[in-house]
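These are my notebook entries on a structure that is new to me. I set down what I looked up, entry by entry.

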Amino acid sequence: MNLPMYERVKNLFQDAGLTTGRIVQLLFFEDTKKATDAFIVFAPNNGTPIRSDLGSDHYVMVNVIGPKDKRAATAQAAQSIVDYIQANPMADECVGYIQNMAGIPPPVLTEEGRIVFRLQFSCTYGE
């Protein structure tokens with residue numbers, strides 16, 4: 001069985017060192033209640049129709065969530081992810097062609113005061 005695309009993107013990011021210093025989570029954000037913890041959450045976010053023998057776009061949401069007092073560092077981490085993907089759109093054959101959609105969105109705050117950048121990626125993959 002092939003891994004879902006959001007898990008493939010997680011593996012790509014881990015191999016590239018883009019998750020270093022962050023707690024990696026899948027599907028949903030679960031706060032540890034430690035103000036110094038940083039997170040990165042990978043989840044599916046729709047896509048185009050998936051057909052045999054044709055390329056399809058799989059959309060993946062990557063939430064970069066910072067510690068309570070590290071807003072600038074979290075913004076830089078989000079920018080570093082976008083920069084890496086721009087420079088390496090074909091870094092993993094299990095992901096296919098990956099690109100950032102819509103750049104860096106406006107940040108949001110969690111109820112606990114953590115800054116969140118919701119990055120969306122499109123992965124074009126077909127077998």
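**Entry 1. Two residues with positive phi**

I began with N46, which counts as exposed because its relative accessibility is 67%, over the 50% that the term requires. I located N46 in strand β2. I then looked up its backbone and found phi near 75 degrees, a positive value in a residue that is not glycine. I note here that the model is predicted.

I turned next to A102, which has a positive phi of about 75 degrees and is not a glycine either. A102 belongs to the loop between β4 and β5. Its relative accessibility of 79% is the reason A102 counts as exposed.

**Entry 2. P107**

I stayed with the loop between β4 and β5, where P107 also has its place. With a relative accessible area of 43%, P107 is partly exposed. I listed what P107 touches, not counting residues up to four places away in sequence: I115, V116 and F117. I also looked up a distance from P107 to A16: the two are 91 residues apart along the chain, and their C-alpha atoms are separated by 24 Å.

**Entry 3. Helix α2**

I checked the length of helix α2, which runs over residues 71-87. Its 17 residues, at 1.5 Å a residue, should span 24 Å, and the C-alpha atoms at its ends lie 25 Å apart, so expectation and model agree.

Which residues of α2 are buried? I found T74, A77, A78, I81, V82 and I85. Why do they fall on the same side of α2? The arc they cover around the axis is only 130 degrees, and this places them on one side of the helix. On the other side of α2 I noted A72, Q86 and A87 as exposed.

I then asked what covers the buried residues of α2. The cover includes helix α1 (5-15) and the strands β2 (39-47), β3 (56-65), β4 (97-101) and β6 (115-125).

I took T74 as one example from helix α2. At 1% relative accessibility T74 counts as buried, because this value is under the 20% cut-off. Leaving aside neighbours within four places in sequence, I recorded contacts of T74 with R22, V64, I65, G66, P67, I115 and F117.

**Entry 4. Helix α1**

In α1 I found these buried residues: M5, Y6, R8, V9, K10, L12 and F13. They pack against the strands β1, β2, β3, β4 and β6 and against helix α2. Just after α1, I noted that G17 takes a positive phi of about 80 degrees.

I looked more closely at R8, whose place is in helix α1. Buried or exposed? R8 counts as buried, because its relative accessibility is 11%. Residues up to four places away in sequence are not counted in its list of contacts, which holds N2, L3, C94, V95 and Y125.

**Entry 5. Q99 in strand β4**

I moved to Q99, which lies in strand β4. Q99 counts as partly exposed because its relative accessibility is 35%. Its contacts, with neighbours within four places in sequence left aside, are I85, Q120, F121 and S122. From Q99 to Y59 I noted a separation of 40 residues in sequence and of 9.7 Å in space, C-alpha to C-alpha.

**Entry 6. The salt bridge**

How many salt bridges does a search of the whole structure find? It finds one. D31 forms it with R114, and the closest N and O atoms are 3.1 Å apart. D31 lies in the loop between β1 and β2, while R114 lies in the loop between β5 (108-109) and β6, so the pair ties together parts that are 83 residues apart in sequence. I looked up the burial of both partners: D31 is buried, and R114 is buried as well.

**Entry 7. A nonpolar patch**

My last entry concerns the surface. There L26, L27 and F28 form a nonpolar patch, and their accessible area together is about 300 Å². I placed L27 in the loop between β1 (23-26) and β2. L27 counts as partly exposed, because its relative accessibility is 40%.

Definitions and conventions:
Residues are numbered from 1 along each chain as its sequence is written. This is a predicted model: local features need pLDDT of at least 70, side-chain atom pairs count only at pLDDT 80 or more; totals for chains, interfaces and linings use all residues. Side-chain values use heavy atoms; hydrogens and water are left out. Helices (H or I, at least four residues) and strands (E, at least two) are DSSP runs, numbered from the N terminus. The expected span of a helix is 1.5 Å times one less than its number of residues. Buried means under 20% relative accessible area, exposed over 50%, partly exposed in between (1.4 Å probe, protein chains only). The arc is that of the directions from the helix axis to the C-beta atoms. Contact means heavy atoms within 4.5 Å. Patches are made of residues with over 30% relative accessible area and no salt bridge: like charges are joined within 9 Å, nonpolar side chains (Val, Leu, Ile, Met, Phe, Trp, Tyr) within 5 Å. Accessible areas come from the Shrake-Rupley method with a 1.4 Å probe; for residues, only the protein chains shown count as cover. A salt bridge is a side-chain nitrogen of Lys or Arg within 4 Å of a carboxyl oxygen of Asp or Glu.
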